[in-house]
There are 2 protein chains.
Amino acid sequence: MEPERSLTADDVNQRQLRVRYAVRGPVLQRALQLERELAQGVKKPFASVVRGNLADCHALGQPPLTFLRQVVALAALPALLAAPGFPEDARRRARRILDSCAERSVGAYSPAAGLAPVRADVAAFLSERDGVPADADDVYFGSGASDLIKTVLAMFVQNVNGKPPAVMIPIPQYPLFSGTLTELGLRQVDCFLDEERDWELSREEMERSLREASVDCHVRALIIINPGNPTGHVLTRENMEEIVRFAYDHRLFLLADEVYQENIISKPFHSFKKVMHEMGAPYSQMELASFLTVSKGLAAECGLRVGLVELVRASAGAVTAFRNARGLMQCSSVLGQCALDCVVRPPAPGDESYERHVAERRHILRVMEERAAAAHRAFSDIPGYSCIPTDGPMFAYPRIEIPESAQRAAREQGLLPDELYCLQLLEETGVCATPGSGFGQRAGTFHFRLTFPFAREPFDAALAAVRRFHLNFLQRYA
Amino acid sequence: MEPERSLTADDVNQRQLRVRYAVRGPVLQRALQLERELAQGVKKPFASVVRGNLADCHALGQPPLTFLRQVVALAALPALLAAPGFPEDARRRARRILDSCAERSVGAYSPAAGLAPVRADVAAFLSERDGVPADADDVYFGSGASDLIKTVLAMFVQNVNGKPPAVMIPIPQYPLFSGTLTELGLRQVDCFLDEERDWELSREEMERSLREASVDCHVRALIIINPGNPTGHVLTRENMEEIVRFAYDHRLFLLADEVYQENIISKPFHSFKKVMHEMGAPYSQMELASFLTVSKGLAAECGLRVGLVELVRASAGAVTAFRNARGLMQCSSVLGQCALDCVVRPPAPGDESYERHVAERRHILRVMEERAAAAHRAFSDIPGYSCIPTDGPMFAYPRIEIPESAQRAAREQGLLPDELYCLQLLEETGVCATPGSGFGQRAGTFHFRLTFPFAREPFDAALAAVRRFHLNFLQRYA
């Protein structure tokens, strides 16, 4: 006889049970099933699934940066330092990092916040980026940006004036945030990016959102994803200033998810830290948590699991709480920290790896530009599609018109209209895109997010397939 | 003018603020300061600090396992697969793991639970260890065991029958647990290991603890650390059965921290899974979460940050909650997973690396035995010390008598008696040990935990210094 379970759906943490990671919804599940069927030889109208749901450049075919991987391999196996075939600057870098490891082993814990020289290199990178000195003591590494975002958000789990805490986030948002807010029991307060105005966030909309939420909760923080995910849009500087003023006026702690900052192709990147600094007091004195990761950018080393937060001007109490929570989990991967060091301090002119490194980065950026341009061309040319050009991140987020009869059909099948759309797209073309409902969208609007493979041909074919599919879809539901 | 902080000690998450990681208390802080002073040339009665507080073998001088590091380097830089100097089985292993990575890159995310072949290898290892089949689907990797322990404990954060949830843990315990329970807002229910009976856990004590706690909370789970940390003691099989029956009778979910299982030198290791299986129904049908890590054992790769949990017979609801929470954080380090694969599936007889791997492991085990024996000899010979022989983990946990006048002196300085003892030990000898109060101890008893360096001479010198110090200490406070 099987004993009763001591932990069931009824008494397990209900917040964990309610977590939804919408980018892993029914469309992805069907894609995985189709891949299994194809592997078993089942005939489909396509030879392989195009995983346009993945925000994982290596999985999409982008090659790793050689210098970074050389440093990681040397740090993992220091015997290689004496072997031929490694550039001198890679050896030097690995030695410098190993010198800061206890007994020169990447197998020893680093301090919970990270290795001192890597934190120093990050601080130098941030200082250079922002034109304002960064303090290495404000920099903490974690097992990916997600891990740090969770710790920072957890700091707000505390009632204020008897009201439950809440966090404001512009919609569409990346479901890591909605999922983490759910798990932490923080109220999510939506405000909507304005697609008609290039995904800007208006003061009016922020004020509306705050006013309505403040009836029964206390909004404590504001999350901004810039460059945007899933929009691919970079905020204008004016809009950033507006957001900063809004946060200041309402004493909101600003969390800036800036993980796609290196992926921008069309304009300069302004960090919130820089903008706040240049706005001067009192804005230059506000608290800020800004996140970066080796999983995005040109390195795109998702599997190495290292991200960082710069916790700027946090109060002593906040820092203590943060360090307490981080300390329990020990450090992040030391090999990941090696990779991070290469990202923030790439080979410099005169270094043996310089030319190759620059060429590799240039190639990746050029491919990214090509894919973004191709996506924009294709989506601008499909009737019923509209698409703000992406500013660089590895995806496009077109808006699509879904006929009323298709919306009815979706409801009858217990699906959302964009889920029905993406499921049919997948079934007929093999293209796996993420429905906009996974990110949140204004009622009555529909989108999907499509990430770019590194190789051109499959992407061009996928874009052509999307077009054909859409025209059929319109006929089917005319 | 500095604006008001929006996140302060008053309104930050108070549970994070209350987290204590006692192994990082005043003694360690002073040790770090002494190291800085020594580096600046300040004269001390010792040349260097002996970091007997570290549970980090590489930091204590233990060398990494060559095969493991070769596989990690090859996976990081696949160009090396064509280079000379690597044994064929290391190449084969790296290729096998790379084949399971998207586009053969360790920079791609693995599935959140881990790479399929590594999970399969873990399941094969567990099956072999326990004599009962393990299911790879029950195995999940995380960024260290700590990370997974936190996710599993978080599952119990839910009131039951209107009572707040609580978790029982034998004292002394490792402060990761007390700290994580504090952060999660779970009540910690102490029961005491019986030092007089070789650190056994009696049914009477468990019942007493449960009865008293159940007045105002609902005890949902029981954590067992075996081999013990800080005790270094391995539970007898009879005691394990007693614990299992107790957990069954009270419907407690058993969490088995078995991370030191490979460090045992004196007796066979029995996992809770195996014991439950061999006890038969209904015990063989109970839920269990068992934790393992590459940070301990003979690999001891703390810095690579990979641990695993086997979640056995968990209900569908529990599994959903667990997967939801894990999925948000993506995967653990893929290079760490490579290391884990080498741990659970070492080179086999006939493999090119076999002899060397066996010799390296044997050497580490022998050193561990020597240090444990030396510690036991030394501590048995100091008046006022008593010490259960360690069963293998990399530390000893002697009990020490502290004279009443020293206890008074401590109180006057705002210190606990064992803190005063360890601070003076550090100041006079350079030996940094962790006071027993960091782990919890029965009122009126005092201990410290001392971890073993890999090199013999400094350890022998440290043990002699402890003896001299103690005799002086007794005189000082006679």
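Good morning. I begin with A:Q62, which is placed in the loop between α2 (26-39) and α3 (66-76) of chain A. What I am presenting is a predicted model. In it, A:Q62 is buried, because 25 other C-beta atoms lie within 10 Å and 20 or more is the cut-off for that class. Which residues does A:Q62 touch, once its neighbours within four places in sequence are left aside? They are A:C57, A:A300, A:I364 and A:F454. A further relation concerns A:M368: this residue is 306 residues from A:Q62 along the chain, yet the two C-alpha atoms are separated by 9.9 Å.

A second loop residue of chain A deserves attention. A:E301 is situated in the loop between β6 and β7. Is A:E301 buried or exposed? A:E301 is buried, with 32 other C-beta atoms within 10 Å. Setting aside neighbours within four places in sequence, the contacts of A:E301 are A:P64, A:V294, A:S295, A:A339 and, from chain B, B:G107. In sequence, A:E301 and A:L68 are 233 residues apart, while in space their C-alpha atoms are 9.7 Å apart.

My third residue in chain A is A:H470, which belongs to helix α16 (residues 456-476). A:H470 counts as buried, since 20 C-beta neighbours are found inside 10 Å and the class starts at 20. Apart from neighbours within four places in sequence, A:H470 is in contact with A:I382 and A:G384. From A:S332, by contrast, A:H470 is separated by 45 Å between C-alpha atoms, with their positions 138 residues apart along the chain.

I turn next to a helix of chain A. Helix α10 (residues 272-279) has four names on its buried list: A:F272, A:K273, A:V275 and A:M276. Viewed down the axis of α10(A), these buried residues fall within an arc of 165 degrees, and so they line one face of the helix. What covers them? The cover includes the helices α5 (116-130) and α9 (237-249), together with the strands β5 (253-257), β6 (288-293) and β7 (307-312), of chain A. After α10(A) comes A:G280, with a positive phi near 80 degrees.

Let me now consider the two chains together. How is chain B related to chain A? A turn of 180 degrees, with a shift of 0.0 Å along the axis, lays chain B on chain A with an RMSD of 0.0 Å. This is the relation of a two-fold axis. Among the residues of chain B, the one that comes closest to the rotation axis is B:A73, at 2.2 Å by its C-alpha. The same surface serves both copies, as 100% of the contact residues of chain B recur in chain A.

As for the extent of that contact, 88 residues of chain B meet 88 residues of chain A. Six helices of chain B each supply at least two residues to the side that touches chain A: α1 (14-18), α3 (66-76), α6 (145-154), α7 (175-184), α11 (316-328) and α12 (334-344). Which of them gives the largest share? That is α11(B), with 9 residues. By class, this side of chain B has 44 nonpolar, 29 polar and 15 charged residues.

Within chain B, I would also draw attention to a pair of helices. The axes of α14 (residues 404-412) and α15 (residues 417-429) of chain B come within 8 Å and cross at roughly 95 degrees. The two helices α14(B) and α15(B) are therefore roughly perpendicular to each other. On the α14(B) side the contact is made by B:A406, B:Q407, B:A409 and B:A410, and on the α15(B) side by B:P417, B:E419 and B:L420. In terms of class, this contact has 5 nonpolar, 1 polar and 1 charged residues.

I close with some backbone features of chain B. The peptide bond from B:I171 to B:P172 is cis, with omega near 5 degrees, and B:P172 is found in the loop between β2 (165-171) and α7. The bond from B:A281 to B:P282 is also cis, with omega near 0 degrees; B:P282 is in the loop between α10 (272-279) and β6 (288-293).

Two residues that are not glycines have a positive phi: B:N161, at about 50 degrees, and B:W199, at about 60 degrees. B:N161 lies in the loop between α6 and β2, and B:W199 in the loop between β3 (187-192) and α8 (203-213). B:N161 counts as exposed, with 6 C-beta neighbours inside 10 Å, whereas B:W199 counts as buried, with 21. Thank you.

Key: Residues are numbered from 1 along each chain as its sequence is written. Chains are lettered from A and ligands numbered from 1 in the order in which they are written. This is a predicted model: local features need pLDDT of at least 70, side-chain atom pairs count only at pLDDT 80 or more; totals for chains, interfaces and linings use all residues. Axes are lines fitted to C-alpha atoms, for helices over the stretch in contact, and angles run from 0 to 180 degrees between N-to-C directions. Angles under 35 degrees count as roughly parallel, over 145 as roughly antiparallel, 65 to 115 as roughly perpendicular and the rest as oblique. Two residues are in contact if their C-beta atoms, placed from the backbone, lie within 7 Å. Ala, Val, Leu, Ile, Met, Phe, Trp, Tyr, Cys and Pro count as nonpolar, Asp, Glu, Lys and Arg as charged, and the others, Gly among them, as polar. A residue is buried if 20 or more other C-beta atoms lie within 10 Å of its own, exposed if 12 or fewer, and partly exposed in between; C-beta atoms are placed from the backbone. Copies are superposed by least squares on the C-alpha atoms of residues with pLDDT of at least 70 in both. The arc is that of the directions from the helix axis to the C-beta atoms.
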